[in-house]
Amino acid sequence: MRTVLLTAVAMLAFAANSLLCRLALQHASIDPASFGSVRLVSGALMLALIVRVKSGHPLAAAPDWLAATMLFAYVAFFSFAYLTLSAGTGALLLFGAVQVTMFSAGLRAGEAFRPLAWAGLLLAIAGLVYLVSPGLAAPSPLGATLMIAAGVAWGVYSLRGRRAGEPLAATAGNFLRAAPMALGLSALLARDAHASAAGLALAVASGAVTSGIGYVVWYAALAGLTAMRAATVQLSVPPIAAFGGVLLLAEPISLRLGVASAAILGGIAIVLASRSHAAPVRPLSSGR
């Protein structure tokens, strides 16, 4: 029950990142650059505090500037994408891009894909293509491109995270190094900066609670999950974000989104199932 509860809380936290960002930007409570900066700074402070309390000493993980850069790119692209995307569409694009990036890295590393896995990967890619293809129900091309870029950045960041011996300390260090990059972007876009108390509160919640504390809960849940279960359970994040968008943001669920969701999530599930008999893969430290 402890593992189930921790996993459920972590998935809700990851889906909430999409909802919080979309809610803040939908009503222009804050600009996307400022949202990303506040998210990273508050997340860095929360994670540093947690690491200090748990270990009794400051951050000790070896610096990984490529990982920090990918974390910054993910947060920046993610924030700007939600200017035009709904919560559910954004989460689906993000999740699909992350998984396709991870699978592609496995192929480059020489990992053997069975025919069923290839079919699942092609189905997931077809779902992504269908979701962003032109049409009345298609998402904003710019928003979709930015979110796919965010997914690729998070996929690379997750691959780098496999090398971390202390994932919590490494994540805290990456947030600390990514925060100045986000502040620099905010400085470059200072003319467009604006933030209300509500916008700042939503950004802090995304950084300190659903990112910072959400990661701590996820790492605790991983102790009771196999790699395959940890990867599979993340299939729940896009649907949670989609239904959260319906309930909290009055966003519609279109037929296109439904069909694309079935193709993308179904294809990824097929790949994961076909890899269950292969060498174990460390699960993603997802932060949707």
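**A small cavity, two salt bridges and an all-helix fold**

Eight residues line the second largest cavity of this predicted model: S86, G88, A242, V246, E251, P252, I253 and L257. The space they enclose comes to about 30 Å³. Sorted by class, five of these lining residues are nonpolar, two are polar and one is charged.

E251, one of the residues in that lining, turns up again in a salt bridge. Its side chain meets that of R22, with 3.4 Å from N to O. E251 sits in the loop between α10 (237-249) and α11 (255-274), while R22 belongs to helix α1 (residues 2-26), so the bridge ties together parts of the chain that are 229 residues apart in sequence. Are these two partners buried or exposed? E251 has a relative accessibility of 9%, and since anything under 20% goes down as buried, E251 counts as buried. R22, at 12%, counts as buried too.

The whole structure holds two salt bridges, and the other one pairs D64 with R160. Here the closest N and O atoms are 3.0 Å apart. D64 lies in the loop between α2 (32-55) and α3 (65-81), and R160 lies in helix α6 (residues 141-161), so this pair links parts that are 96 residues apart in sequence. D64 is buried, with 16% relative accessibility, whereas R160 is partly exposed at 21%.

Now for the overall picture. What is the protein built from? It has 11 helices and zero strands, so reading along the sequence simply gives one α after another, in the pattern α-α-α-α-α-α-α-α-α-α-α. Of the 288 residues, 50% are buried. The contacts reach a long way along the chain: taking those between residues at least 6 apart in sequence, 90% join residues at least 24 apart. On the outside, the protein exposes about 12500 Å², and 72% of that comes from carbon and sulfur atoms.

Back to the holes inside. The count comes to two cavities of 30 Å³ or more, and the largest has a volume of about 40 Å³. Which residues line the largest cavity? They are P32, A33, G36, S37, L40, F72, V75, A76, F80, A182 and L185. Helices α2, α3 and α7 (167-188) each put in at least two residues of this lining, with α2 giving the largest share, five residues. By class, the lining of the largest cavity has nine nonpolar and two polar residues, and no charged ones. The lining of the second largest cavity, in contrast, includes one charged residue.

Finally, a couple of backbone angles are worth a look. Most residues other than glycine have a negative phi. A28, however, has a positive phi, near 55°. This alanine is placed in the loop between α1 and α2 and counts as partly exposed, at 49% relative accessibility. A250 is another case: its phi is positive, about 60°, although it is not a glycine. A250 is found in the loop between α10 and α11, the loop that also holds E251. With a relative accessible area of 68%, A250 is exposed, whereas E251 is buried at 9%.

Note on methods:
Residues are numbered from 1 along each chain as its sequence is written. This is a predicted model: local features need pLDDT of at least 70, side-chain atom pairs count only at pLDDT 80 or more; totals for chains, interfaces and linings use all residues. Side-chain values use heavy atoms; hydrogens and water are left out. Helices (H or I, at least four residues) and strands (E, at least two) are DSSP runs, numbered from the N terminus. Buried means under 20% relative accessible area, exposed over 50%, partly exposed in between (1.4 Å probe, protein chains only). Contact means heavy atoms within 4.5 Å. Accessible areas come from the Shrake-Rupley method with a 1.4 Å probe; for residues, only the protein chains shown count as cover. A salt bridge is a side-chain nitrogen of Lys or Arg within 4 Å of a carboxyl oxygen of Asp or Glu. On a 1 Å grid over the protein atoms alone, a cavity is a set of points where a 1.4 Å probe fits but cannot get out, and a pocket is an open set with protein on both sides within 12 Å along at least five of seven lines; lining residues have an atom within 4 Å of a point. Grid points are joined across faces, edges and corners, and a volume is the space filled by probe spheres set on the points. Ala, Val, Leu, Ile, Met, Phe, Trp, Tyr, Cys and Pro count as nonpolar, Asp, Glu, Lys and Arg as charged, and the others, Gly among them, as polar.
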